[in-house]
Amino acid sequence: MMQFLSEVYIDGVQFELEELDKILISASAVIPVFGFKEWHYTNLSSILLYPDNFNEDMQFSSKDNSRNIGGIVGNGRFEKQMILSKKHCITVLKTQPIKAILAYTNSCISLISWMTVQMAFQSDY
């Protein structure tokens, strides 16, 4: 986790990022590659954590019903970035209180796992 945090910048967008956010996101990143001793997320430079779900235009402050995205792996201008919704992660925590930390991790893990597979196909690893 420490290696991931030293290589990938995590930032909160329009809110103050908490240490717990960084810990849970980095744990989510480590789980799918735990057995790969020399794994690095070379195609990921930063993770932006939005306070709320967002729409296709990356807007999270509007009140429209199209804000239903909880996370994406960026491309184009967001290349090498992942964008996650803190609200989505918290919703998962609240709906699965017994498995709170694992639930938060699982809300991010599918995106990170997908990114891991994509990077494996793009690299010589």
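Start by selecting K86 and E18 in this predicted model: the two form a salt bridge, with their closest N and O atoms 3.7 Å apart. Now color the surrounding elements. K86 belongs to helix α3 (residues 86-95), while E18 sits in the loop between β1 (9-12) and α2 (19-30), so this pair ties together parts that are 68 residues apart in sequence.

Turn on the surface for a moment. Is K86 buried or exposed? K86 counts as buried, at 13% relative accessibility. E18, its partner, is partly exposed, with a relative accessible area of 43%.

Keep K86 selected and add D21. Here's another salt bridge, with the side chains meeting at 3.2 Å, N to O. Since K86 is in helix α3 and D21 in helix α2, the pair ties together parts that are 65 residues apart in sequence. Both K86 and D21 are buried.

Next, show E18, D21 and K86 together. Salt bridges that share partners join these three residues into one network.

Now hop over to E19 and K22. What do they form? They make a salt bridge, and the closest N and O atoms are 3.9 Å apart. This time you can stay within one element: both residues lie in helix α2, 3 residues apart, which is about one turn of the helix. Check the surface again here: E19 is exposed, with a relative accessible area of 55%, whereas K22 counts as partly exposed at 27% relative accessibility.

To round off the tour, zoom out. How many salt bridges does a search of the whole structure find? It finds 4, and the pairs you've just visited are among them.

Conventions: Residues numbered from 1 in each chain as written. Predicted model: local features only at pLDDT ≥ 70, side-chain atom pairs only at ≥ 80, totals over all residues. Heavy atoms only, no water. Helix = DSSP H or I, 4+ residues; strand = E, 2+ residues; numbered from the N terminus. Buried < 20%, exposed > 50% of the residue type's maximum accessible area, 1.4 Å probe, protein only.
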